[in-house]
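Please take a look at the model shown here. A short report on its helices, surface and charged pairs follows.

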Amino acid sequence: MDVEDLLRRKGDLASQLAAEPLDALSVDELTARIALLEDEIVRTTRHRDRAGHTRAAAEALFGAARPPAPPPNSGETGR
C-alpha cells in the first residue's frame, strides 16, 4: 500500500477504478479506457484552474486571508 492509497477515501471513484481488474480487457479496450481517463484529467485540470483564478480574483479584490490578530496580553500594563 502506498501513500496515494492511504490518502484516498474509501469508495471514491479513483479507488473503484484502481480496484477493477484489467486482465480481461483487450488492447483496444485499454486504449479507450486510457483516452476516457485522459479526457477526465483535462476536465478536472480546467476546473481546478478556473477555481484558482476565481480565488486569485477574490483575493485581489478583498485582500488575502490574514491570520487573526493575537489577543492583547491581559496582565501587562502599558509601560
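## Charged pairs along a helix

Glu 40 is partly exposed, at a relative accessible area of 34%. Here buried means under 20% relative accessible area, exposed means over 50%, and partly exposed lies in between, with a 1.4 Å probe and protein chains only. The model is predicted, so local features need pLDDT of at least 70, side-chain atom pairs count only at pLDDT 80 or more, and totals for chains, interfaces and linings use all residues. Residues are numbered from 1 along each chain as its sequence is written, and side-chain values use heavy atoms, with hydrogens and water left out.

Glu 40 has a charged partner. Arg 43 forms a salt bridge with Glu 40, and their closest N and O atoms are 2.8 Å apart. A salt bridge here is a side-chain nitrogen of Lys or Arg within 4 Å of a carboxyl oxygen of Asp or Glu. Side chains of opposite charge can pair when their charged atoms come close. Why are Arg 43 and Glu 40 separated by about one helical turn? They are 3 residues apart in helix H3. Arg 43 itself is exposed, with a relative accessible area of 54%.

By this rule the protein has 4 salt bridges. Among them are these:

| Salt bridge | Closest N to O distance |
|---|---|
| Arg 43 and Glu 40 | 2.8 Å |
| Asp 49 and Arg 48 | 3.1 Å |
| Arg 55 and Glu 59 | 2.9 Å |

Arg 55 and Glu 59 are 4 residues apart in helix H3, so about one helical turn separates them. Arg 55 counts as exposed at 57% relative accessibility. Glu 59 is partly exposed, at 31%. In the pair of Asp 49 and Arg 48, Arg 48 is exposed at 54%, while Asp 49 is partly exposed at 34%.

## The overall fold

What pattern does the protein follow along the sequence? It reads α-α-α. There are 3 helices and 0 strands. Helices (H or I, at least four residues) and strands (E, at least two) are DSSP runs, numbered from the N terminus.

Helix H3 covers residues 27–62, which is 36 residues. At 1.5 Å a residue, H3 should span 52 Å, and its end C-alpha atoms are 52 Å apart, so the two values agree. The expected span is 1.5 Å times one less than the number of residues. Gly 63 follows H3, and its phi is positive, near 90°.

## A buried arginine

Arg 33 also sits in helix H3. Is Arg 33 buried or exposed? Arg 33 is buried, with a relative accessible area of 19%. Buried residues make up 3% of the 79 residues in the protein.

Leaving out residues up to four places away in sequence, Arg 33 touches Leu 17, Glu 20, Leu 22 and Leu 25. Contact means heavy atoms within 4.5 Å. Glu 20 lies in the loop between helix H2 (13–19) and H3. Glu 20 is partly exposed, at 38% relative accessible area. A polar contact of 2.7 Å joins the side chains of Glu 20 and Arg 33. A polar contact is a pair of N or O atoms within 3.5 Å; within protein, one must be able to donate a hydrogen and the other to accept it, and residues adjacent in sequence count only if both atoms are side-chain atoms.

## Surface and confidence

The protein exposes about 7,700 Å², with 60% of it supplied by carbon and sulfur atoms. The areas come from the Shrake-Rupley method with a 1.4 Å probe; for residues, only the protein chains shown count as cover.

The mean pLDDT is 81, and 75% of the residues score at least 70. pLDDT is the predictor's confidence in each residue, from 0 to 100. Confidence is highest in H3, at a mean of 91, and lowest in helix H1 (residues 3–7), at 56. Where pLDDT is low, the predicted coordinates should not be read in detail.
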